[in-house]
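I opened a fresh page for this chain and set down what I looked up, in the order in which I looked it up. The entries go from the whole chain to single positions.

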Amino acid sequence: MSLPTPASNASPYALQPLLHAPSPDEAWWRRAVIYQIYPRSFKDSTGSGMGDLAGITAELPQIATLGVDAIWLSPFFPSPQKDAGYDVSDYRGVDALFGTMDDAQILINTAKSFGIRIIIDIVPNHCSNEHALFTAALAAAPGSAEREMFHFADGLGEGGNTPPNNWSSLFGGSGWTRVQNPDGTPGQYYFHLFDTTQPDFNWRNPAVQEEFEKTLRFWLDAGAGGFRIDVAHAMFKKEGLPDWGGAPDGTPRPGFPFADAPMFAQPELHQVFARWREICDVYPGEPVLCSEANVRPLTRLADWVAPGQMHQSFNFDFLRTLWDRDALASVIGDSLSAFDTVGAPTTWVLSNHDVSRHATRFGLDGVALDLGDGIGPRDPQPDTVRGLARARAATVFMLGLPGGAYLYQGEELGLGDHTTLEDGFRQDPTFLRSNGERIGRDGCRVPIPWVHDAPAYGFSPTGESWLPQPEDFAELSRDLQKADPASTLNLYRKALALRSELGLGLGSLAFYENPELPEVLAIRNGDTISVLNLSDAPVVLPAGEPLLFSDADGEPLAAEGLLGANAAAWLRATD
Ligand code: NOJ
């Protein structure tokens, strides 16, 4: 292969000044790698077709070999499952679908014996319409203490037939649902940012705040390692619930900046976060609070992780970034700069249960998907080979950055979405509420494959599976990947072990400038150089001792001084 030569003989990589200094604070959560388990789709121990807690406990040794610090468990609480468990009817229990409270305790204790913390998903913005507090509110009169726990309001106009304001549901349609009075006449409306079955709590009511403090203590007493806080930015609504002409999800539009959205990022949130931090801080092992806060811009998100607030917040700007060198460089630089102002780590993430997996996204050139939207059989289909190469590269590059990282179950197998799932199987309320206009998130939630030639690829003992799996899951099964040194699974294991050995999570960052290589992103973290080639052709590598490559050809190419197309590498700096 002929070596692409730079215009001059000098290295095309020029190290820039330090942008982010190493963290002097070595707290576990500043560098933690946290593995998200979506219990429905991880491992089914009973044969019901639904994953369960005992299935997770049985597979803890597999997770331990990955080398992660904690597991974030998506909700497993009692729930009518109208939004896959994000509609909670009892925050202090376990849904029979997933097992029992004993199973939860065994899981927490066994994980601890592997040195893995269990992070619980708390859903404080809303509950299920089957939660006892909501059924009591429905049975009570307008203006009662029971109704004050939620956002009940009279309708406007003749007969009160117009909802109290113009807010929409993020899942489509109006955000208000009208209830019936005991005599059958139409009554008040209640607000739900998500499905009709997910009434929003009124966080201005101290009784709501007390209720959640009890829940936090309940799980901390059981040994939880912290909490992921669902839709943390929406808990408080602006007093008076004024109309809003902006996008339902707060995406800035001319004249409607995110900062003005009356249902997001209200200042009162911070007192609640401070209280939760105090509660966590008295427990041993530094339980962590991680907010799912879809807040813009990053400088504003920094308020969520200021001293005494949450420990971490997902970096959704990073997750939203397309396969684009300059866009990635800006997000990384802006994130570190913004979070450094408050001394907080950045928490990188590429996939979760609400977005198309990154192996799928990066196989769709230039297509920006909104959070919450997936790919369906009628959409352009991804290039899965290129998507997987890029996903492996993106992960290696992400794990080379200083800060924490979240991984989503199955990404260590290189899974993409089920992009041809037929409509009849879909369960996401986004699909159902939008009459199929939005395909929703089922494609990234499909049960993961364990054994290539077993029914349901080993997900369940009976072959049952709550969503059907795509055929390419056979070749991506864990059993085959364990035995293949070049597999994505073994790449994740190597990268995580090396990341920890090299102390990259607590490390530093300086960019390399390389104007001759406009599709290459390179950074230095301590003595480690991390390079991402976003182009479809090999490029010159910086000088250094090779440590890790995302592609199988990495080593032979490096011997020629090259990094492969859509690949990433870590090198030990030799200067
Ligand atoms: C964010 C969760 O991740 C998502 O799955 C859920 O539908 C909404 N919050 C509502 O709880």
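**Domains.** I began with the domain assignment of this predicted model, which gives domain 1 as 31–128 + 207–476 and domain 2 as 132–191. I then took the centres of domain 1 and domain 2 over their C-alpha atoms and noted a separation of 30 Å. For the contact between them, I listed 22 residues from domain 1 and 18 residues from domain 2.

**Whole chain.** I looked up the secondary structure next and noted 15 helices and 19 strands in the protein chain. The radius of gyration came out at 24 Å, close to the 25 Å that the globule rule gives for 575 residues, so I wrote the chain down as being as compact as a globular protein of that length. Along the principal axes, the C-alpha atoms fill a box of roughly 85 × 55 × 50 Å.

**Burial and contacts.** I noted that 60% of the 575 residues count as buried, and that the protein chain exposes about 21,100 Å², of which carbon and sulfur atoms supply 53%. Looking at contacts between residues at least 6 apart in sequence, I found that 70% join residues at least 24 apart.

**Charges.** I placed the 41 positive and 74 negative charges of the protein chain and compared their mean positions, which are 3 Å apart.

**Ser41.** My next entry concerns a serine in the loop between strand E2 (33–37) and helix H1 (53–58), namely Ser41. Is Ser41 buried or exposed? I entered it as buried, because its relative accessible area is 1%, which falls under the 20% cut-off. Leaving out residues up to four places away in sequence, I listed what Ser41 touches: Gly51, Gln409, Arg445, Val446, Pro447, Ile448, Phe459 and Trp466.

**Leu364.** I turned last to Leu364, which is found in the loop between helix H10 (358–361) and helix H11 (384–399). I entered Leu364 as buried too, since its relative accessibility is 8%, again under 20%. Which residues does Leu364 touch, not counting those up to four places away in sequence? I wrote down Leu369, Ile375, Pro380, Gln381 and Pro382. For one of these, Gln381, I also noted the spacing: Leu364 and Gln381 are 17 residues apart in sequence, while their C-alpha atoms are 7.3 Å apart in space.

Note on methods
Residues numbered from 1 in each chain as written. Predicted model: local features only at pLDDT ≥ 70, side-chain atom pairs only at ≥ 80, totals over all residues. Heavy atoms only, no water. Helix = DSSP H or I, 4+ residues; strand = E, 2+ residues; numbered from the N terminus. Rg over C-alpha atoms; globule rule 2.2 N^0.38 Å. Buried < 20%, exposed > 50% of the residue type's maximum accessible area, 1.4 Å probe, protein only. Contact = heavy atoms within 4.5 Å. Areas by Shrake-Rupley, 256 points an atom, 1.4 Å probe, with all protein chains shown as cover. Lys, Arg positive; Asp, Glu negative; His and termini not counted. Charge placed at Lys NZ, Arg CZ, Asp CG, Glu CD. Domains from an automatic or database assignment.
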